[in-house]
Amino acid sequence: MSATTRRLTTAQALVRFLSAQYTERDGVRRRLIAGTWGIFGHGNVAGVGQALVEYADVMPYHQGRNEQAMVHAAVGHARQLNRLSAQAVTTSIGPGATNLVTGAALATINRLPVLLLPGDYFASRVADPLLQQLEHPVEADVSVNDTLRPVSRYFDRLTRPEALIPSALNAVRVLADPAETGAVTLALPQDVQAEAYDWPEEFFADRVWSVRRPAPDPAELAAAVAAVRAARRPLVVAGGGIHHSEAEEALRAFVDATGIPVASTQAGKGSLRHDHPADLGGIGHTGTAVSDELARTADLVIGVGTRYSDFTTASGTLFQNPDVRFLNLNITGFDAHKLAARTLVCDARTGLEQLAGALAGHRVEPSYEAEYRSGKERWERVVEAAYHAADDTAVPTQTQVLGALDAVVGDEDVVINAAGSLPGDLHKLWRARSPRQYHLEYGYSCMGYEIPAALGVQQAAPGTPVWALVGDGTYLMNPTEIVTAVQENLPVNLVLVQNHGYASIGGLSESVGAERFGTAYRHRAADGTFTGAPLPVDLAANAASLGMDVLRARTVRELRSALAEARASGRPTCVYVETDPAPTAPPAEAWWDVPVAEVSAREAAVEARARYDSEVAGRRRHL
């Protein structure tokens with residue numbers, strides 16, 4: 001090691017180190033930490049805050065309004081760039097730190113990298129108890145930051161400056177690892193942040209982390225080839241790993257050669273263009289009729305980059321062929337082994353390319369291709385009916401909002417959503433035209449994700465039209481980053497759909513015998529009763545007060561015009577529309593397990609339990 005050192009504080013050393021980290025895949029190099037989001041308070045203002053001033057020329061800073069939202073923005077950025085670049089998030093101690101937990105869980109569940117830098121209590125304990133300190137009676141080394149341990153892929157608390165060297169290297173190793181990535185937390189005691197140390201110059205040298213593309217094991221590949229050749233009704237389930245690996249072209253080539261159809265999870269939608277003859281759309285509880293029909297009769301399910309959530313498997317009721325078997329191509333062994341599958345533990349693009357090469361000349365029967373293509377054509381008519389408005393002077397339904405947006409967006413646009421009734425409608429109906437157009441966060445389905453994620457996507461892809469689709473319930477969870485969009489001149493487009501309640505959970509509540517209790521926004525009269533009248537809340541005025549341009553659309557015709565104007569505006573713009581609450585989306589094609597009260601005095605719950613018992617009888621354990 002060189003004897004040359006540089007005397008910096010721990011926080012300065014961390015920021016300087018992070019600015020010199022890069023990823024490289026397929027010969028393309030990117031900054032690993034492209035910028036840092038921050039809200040300052042005691043615990044980070046004098047440490048990381050001062051360091052960001054010191055190194056403002058090499059570490060961009062973005063001012064957030066809510067700590068959870070900052071993580072969502074960083075996640076949106078990482079997803080848009082296929083996990084090859086991430087952002088850091090710094091907070092104060094106490095509530096600033098605990099506000100990170102939801103965002104960290106979202107990042108880790110979705111396998112997306114984000115670096116969290118919460119302040120922590122004095123390592124020296126000279127100030128004890130500190131303002132906002134949690135005092136534990138028998139574990140003095142516990143702080144509120146320990147809530148981040150179960151939702152982080154890597155966690156460390158730095159109680160000495162020199163501990164930063166191994167910890168920082170481990171942190172970026174995990175962030176850049178395609179199998180291990182997720183939220184990474186370095187908890188930083190505020191006195192250690194400000195403490196100086198003589199750092200070896202090598203610590204600050206440019207460092208490139210190679211993002212590997214592991215190939216499948218030859219024996220596993222041979223077994224996979226035999227399984228595909230033996231199948232008569234194979235079906236690919238495309239997950240988010242297709243996008244993370246940039247394997248869309250490899251998937252298309254595999255499908256073109258074999259004729260095997262593709263159904264997509266929420267994270268995998270867009271793996272094929274919607275108009276590819278083998279693209280069947282979404283699968284599972286929110287899937288299309290053609291996808292779910294084929295899934296029920298498939299004898300081989302080829303999962304590529306999917307973790308098989310309960311929505312995908314319809315809570316274990318979807319894949320009903322008595323002889324069905326699974327072949328899972330995944331970069332993580334944990335996910336590859338699900339459903340007692342044959343495994344190809346490898347990079348999605350490399351695995352698909354080698355599988356296609358080994359299957360040269362193999363193709364499914366023409367009758368099978370004709371069957372799924374016919375089913376796809378039938379479903380396209382369902383989509384057209386849902387999108388179509390017979391009267392363009394009428395109040396639009398929610399699916400007609402999607403139809404109007406579909407008519408406005410280009411192939412390069414990104415559409416973001418996460419929670420409520422919109423994810424189901426989008427999964428069934430949206431016509432994804434490019435790999436990154438469909439951006440659904442459905443691993444955690446976190447209300448409040450959409451607006452901040454749109455900021456992260458816009459930062460990652462300047463000049464790209466970005467749309468955050470938000471219901472009134474989600475908007476009320478987290479609208480604050482609108483101010484950041486205005487401050488940083490990020491021209492995100494917000495489509496704010498007002499239906500005066502929690503539409504998705506209201507429908508679920510009704511189906512499970514809970515009678516829509518607590519799911520509508522209603523006015524309480526002076527006598528304490530609920531009148532059923534909408535609340536006098538103007539969300540469009542709220543968005544305008546935060547700095548957005550607002551376009552109000554009352555009819556389908558006005559909506560089309562407003563969406564086109566928003567796309568062309570170059571300013572953060574909200575299109576506000578109140579929708580006709582009448583359901584126009586096609587019903588669910590597969591079940592989802594939400595346990596119903598086993599006993600009840602209410603008729604609705606008794607009837608719901610009878611339906612539940614009938615559905616749950618179809619669950620299978622795939623062993």
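**Buried pieces, sheets and crossings**

Student: Let's start with helix 17: which of its residues are buried?
Tutor: This helix runs over residues 422–429, and 8 of its 8 residues are buried (under 20% relative accessible area, with exposed over 50% and partly exposed in between; 1.4 Å probe, protein chains only), so the rest of the structure largely encloses it. Helices (H or I, at least four residues) and strands (E, at least two) are DSSP runs, numbered from the N terminus. The buried names in helix 17 are Leu422, Pro423, Gly424, Asp425, Leu426, His427, Lys428 and Leu429.

Student: Before we go on, what kind of model is this?
Tutor: Residues are numbered from 1 along each chain as its sequence is written, and side-chain values use heavy atoms, with hydrogens and water left out. Local features need pLDDT of at least 70, side-chain atom pairs count only at pLDDT 80 or more, and totals for chains, interfaces and linings use all residues, since the model is predicted.

Student: Okay, the sheet next: what is the strand order in the open sheet of 6 strands?
Tutor: Strands pair here when DSSP finds at least two bridges between them. The pairing in this open sheet is parallel, and the order is 5-4-6-7-9-8.

Student: Which strands stand at the edges of that sheet, and why is one side of each left without a neighbour?
Tutor: Each edge strand has a single partner strand, so its other side has no neighbour in the sheet. Neighbouring strands are turned by 20 degrees against each other on average, direction ignored (lines fitted to C-alpha atoms, for helices over the stretch in contact; angles from 0 to 180 degrees between N-to-C directions). The edge strands are strand 5 (61–63) and strand 8 (154–157).

Student: In strand 9, what is the bridge partner of Tyr154?
Tutor: Strand 8 and strand 9 (residues 183–189) run parallel and are joined by 4 bridges. Across from Tyr154, the partner in strand 9 is Val184.

Student: Now strand 6: how many of its residues are buried?
Tutor: Ala86, Ala88 and Thr90 point one way from this strand while Gln87, Val89 and Thr91 point the other, and all are buried. On one hand, strand 6 pairs in the parallel sense with strand 4 (residues 33–38) over 4 bridges, with Gly38 opposite Thr90. Strand 6 also pairs in the parallel sense with strand 7 (residues 114–120) over 4 bridges, where Val89 has Leu116 as its bridge partner. For strand 6 (residues 86–91), the buried count is 6 of 6.

Student: How do helix 10 and helix 14 cross: left-handed or right-handed?
Tutor: The axes of helix 10 (residues 248–258) and helix 14 (residues 348–358) come within 8 Å and cross at roughly 20 degrees. That makes the two helices roughly parallel (under 35 degrees; over 145 is roughly antiparallel, 65 to 115 roughly perpendicular and the rest oblique). Ala250, Leu251 and Phe254 of helix 10 make the contact (heavy atoms within 4.5 Å) with Arg349, Leu352, Glu353, Leu355 and Ala356 of helix 14. With the near helix turned anticlockwise from the far one by less than a right angle (clockwise would be right-handed), the crossing is left-handed.

Student: How many disulfides does a search of the whole structure find?
Tutor: A disulfide is a pair of cysteine sulfur atoms within 2.5 Å. The sulfur of Cys446 has its closest cysteine sulfur in Cys574, at 20 Å, which is too far for a bond. Cys446 is buried at 7% relative accessible area, and Cys574 is buried at 0%. The number of disulfides found is 0.

Student: What is the relative accessible area of Gln68?
Tutor: Gln68 sits in helix 3 (residues 67–80). Leaving aside neighbours within four places in sequence, Gln68 is in contact with Asn99, Thr102, Gly103, Cys446, Met447 and Asn478. Gln68 counts as buried, with a relative accessible area of 17%.

Student: And how far apart are the C-alpha atoms of Tyr521 and Gly473?
Tutor: Tyr521 lies in the loop between helix 21 (503–511) and helix 22 (539–545), and Tyr521 is buried at 17% relative accessible area. Beyond four places in sequence, the contacts of Tyr521 include Asp472, Gly473, Leu476 and His500. Tyr521 and Gly473 are 48 residues apart along the chain, and their C-alpha atoms are separated by 9.4 Å.

Student: Last one: is Ala340 buried or partly exposed?
Tutor: Ala340 is in the loop between helix 13 (333–336) and strand 17 (342–345), and has a positive phi of about 55 degrees although it is not a glycine. With a relative accessible area of 47%, Ala340 is partly exposed.
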